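Colleague: I am new to this model and should be grateful for a close look at one part of it, namely the pairing of oppositely charged side chains. Please take the pairs in turn and set each in its surroundings.

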Amino acid sequence: MSHGDTIPLHPSSQSDIDEIENLIYDSVQSSQATVLPARPPSPPRASIPVSSSPFINSNIPPPSYQKATVSAPSKQPVPAVLPVSSADFSTPSGGDARQGISSDAFGSPANTLTEPVWDTVKRDLSRIVNNLKLVVFPNPYREDPGKALRDWDLWGPFFFIVFLGLALSWSASVKKSEVFAVAFAMLAAGAVILTLNVLLLGGHIIFFQSLSLLGYCLFPLDVGALICLLKDNVILKVIVVSVTLAWSSWAAYPFMSAAVNPRRKALALYPVFLMYVSVGFLIIAID
Amino acid sequence: MDRNQETRENYANPRTCFFHVIFKAAALAFYILSALFFNSFVIIFVVTVFLAALDFWVVKNVSGRILVGLRWWNEINEQGESVWKFECLDHESLARMNKKDSWLFWWTIYLTAVAWIVLGIFSLIRFQADYVLVISVCLTLSIANIVGFTKCRKDAKKQIQQFASQTIASQFSSTLQSAFSLV
């Protein structure tokens with residue numbers, strides 16, 4: 001009700017207004033419940049409904065205006081649904097803040113920024129670690145490799161590429177900036193080109209998923225570069241680089257080969273191997 | 001009369017606004033001022049790109065939600081296809097969003113992208129490929145956020161219209177029903 005409103009409402013319009021409000025609340029509540037199933041939680045993570053909203057577990061059929069098709073953007077008020085568990089890259093943890101905004105409306109005390117941020121950070125970090133474990137380390141229980149990097153993220157690759165660039169740049173005695181820039185550009189452009197290569201060979205891989213994969217597979221080379229940084233013995237470097245190179249290629253193999261036609265596996269894998277070999281040479285040759 | 005006075009809104013979420021702006025400003029400031037203090041390109045690159053990446057994360061995950069109630073992300077569904085999802089708060093909450101907050105949000109996003117473009121033009125003119133690399137990374141991050149949130153906002157407007165028509169339709173039908181019950 002606005003402040004200066006002194007016109008008395010007609011009794012029937014008051015009931016209409018009440019009805020409209022009820023409709024709004026009903027639709028808000030029912031659609032709150034349905035948004036959670038619309039976003040399938042990713043396999044490694046269990047959904048722990050944490051939010052205080054009572055509507056999360058109900059299975060009310062979606063309101064008529066909510067499209068359930070995969071390609072349609074998922075709609076509707078999300079506020080109560082973003083309990084800390086579910087999900088993807090963006091964060092539920094501010095879900096509390098959003099719930100405050102939507103349900104309490106005016107003057108709800110905003111959650112302290114630190115709380116939601118820490119939760120989000122923890123979740124993103126755990127996703128990075130999960131992806132790393134899934135991609136790089138031997139995992140006999142890994143399911144279909146094509147599906148393993150479902151929640152791709154680019155933070156891991158970013159850190160690994162920067163770390164590799166820094167390690168190479170540190171080892172270089174001259175022209176440090178150029179070394180870093182070249183390493184970074186080569187790795188980033190190389191990942192993009194390798195992905196395009198797979199796509200052009202008629203493979204089925206998602207651009208960002210592949211970028212993420214190739215970035216994570218740099219982890220062994222990072223370890224190798226760190227070791228070479230600490231110990232400057234040529235023979236040791238060659239051994240370390242060969243081992244880590246083999247490890248990187250082995251890590252990338254299942255994902256890349258699953259993505260293309262079997263007859264074109266070699267065409268897809270050879271450039272990946274070539275790129276890792278060139279990075280290996282860069283590590284060995286850095287003086 | 002209350003109606004005649006302008007209600008002066010303050011920022012509803014000052015801390016969020018602060019963080020929203022600080023990383024962008026820090027990345028730009030560091031990039032511009034670093035040439036005075038550091039000789040090493042590596043430090044400039046790493047710190048600027050790191051700040052830009054942090055800013056991207058903050059805008060996407062925190063300030064987008066809190067200041068304008070929008071969120072976008074990418075999922076890979078069961079069939080292995082990539083799906084872009086957009087979400088917004090229900091239209092009442094959207095209408096209640098602080099105007100100053102959303103003004104700040106949108107303007108700083110656009111201004112940052114423009115600033116990076118201008119700096120990029122300077123680097124191109126000076127043929128400094130290294131700096132062009134830094135700027136292209138930062139620009140990519142800014143543009144990704146702009147595109148994501150703009151699509152999200154358009155989607156939100158479409159939903160508001162749908163919701164409004166739905167509400168009007170149901171109000172109409174309920175009015176009809178009450179009219180018939182009276183008769």
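**Salt bridges**

Modeller: Asp232(A) counts as exposed, because its relative accessibility is 63%, above the 50% limit for that class (buried is under 20%, partly exposed in between, with a 1.4 Å probe and protein chains only). The model is predicted, so local features need pLDDT of at least 70 and side-chain atom pairs pLDDT 80 or more, while totals for chains, interfaces and linings use all residues; side-chain values rest on heavy atoms, without hydrogens or water. Residues are numbered from 1 along each chain as its sequence is written, with chains lettered from A and ligands numbered from 1 in the order in which they are written.

The partner of Asp232(A) in a salt bridge is Lys237(A), with 3.2 Å between the closest N and O atoms. The term requires a side-chain nitrogen of Lys or Arg within 4 Å of a carboxyl oxygen of Asp or Glu. Lys237(A) has a relative accessible area of 5% and is therefore buried. This pair thus joins an exposed Asp232(A) to a buried Lys237(A). Side chains of opposite charge can pair when their charged atoms come close.

By this rule, three salt bridges are counted over all chains. Another of them in chain A joins the side chains of Asp124(A) and Arg127(A), at 2.7 Å from N to O. Both partners belong to helix 3 of chain A, where three residues, about one turn of the helix, separate them. (Helices, H or I of at least four residues, and strands, E of at least two, are DSSP runs numbered from the N terminus.) Asp124(A) and Arg127(A) are both buried.

As for the setting of these two pairs, chain A contains ten helices and zero strands. Of its 287 residues, 47% are buried.

Chain B holds a further salt bridge, between Asp55(B) and Lys24(B), whose closest N and O atoms are 2.9 Å apart. This pair links distant parts of the chain, for Asp55(B) sits in helix 2 of chain B and Lys24(B) in helix 1 of chain B, 31 residues apart. Asp55(B) and Lys24(B) are both buried. Helix 1 of chain B also carries Leu33(B). Leu33(B) has a relative accessible area of 43%, which means that this residue is partly exposed.

In review, the Asp124(A) and Arg127(A) pair stays within one helix, whereas the Asp55(B) and Lys24(B) pair connects helix 2 of chain B with helix 1 of chain B.
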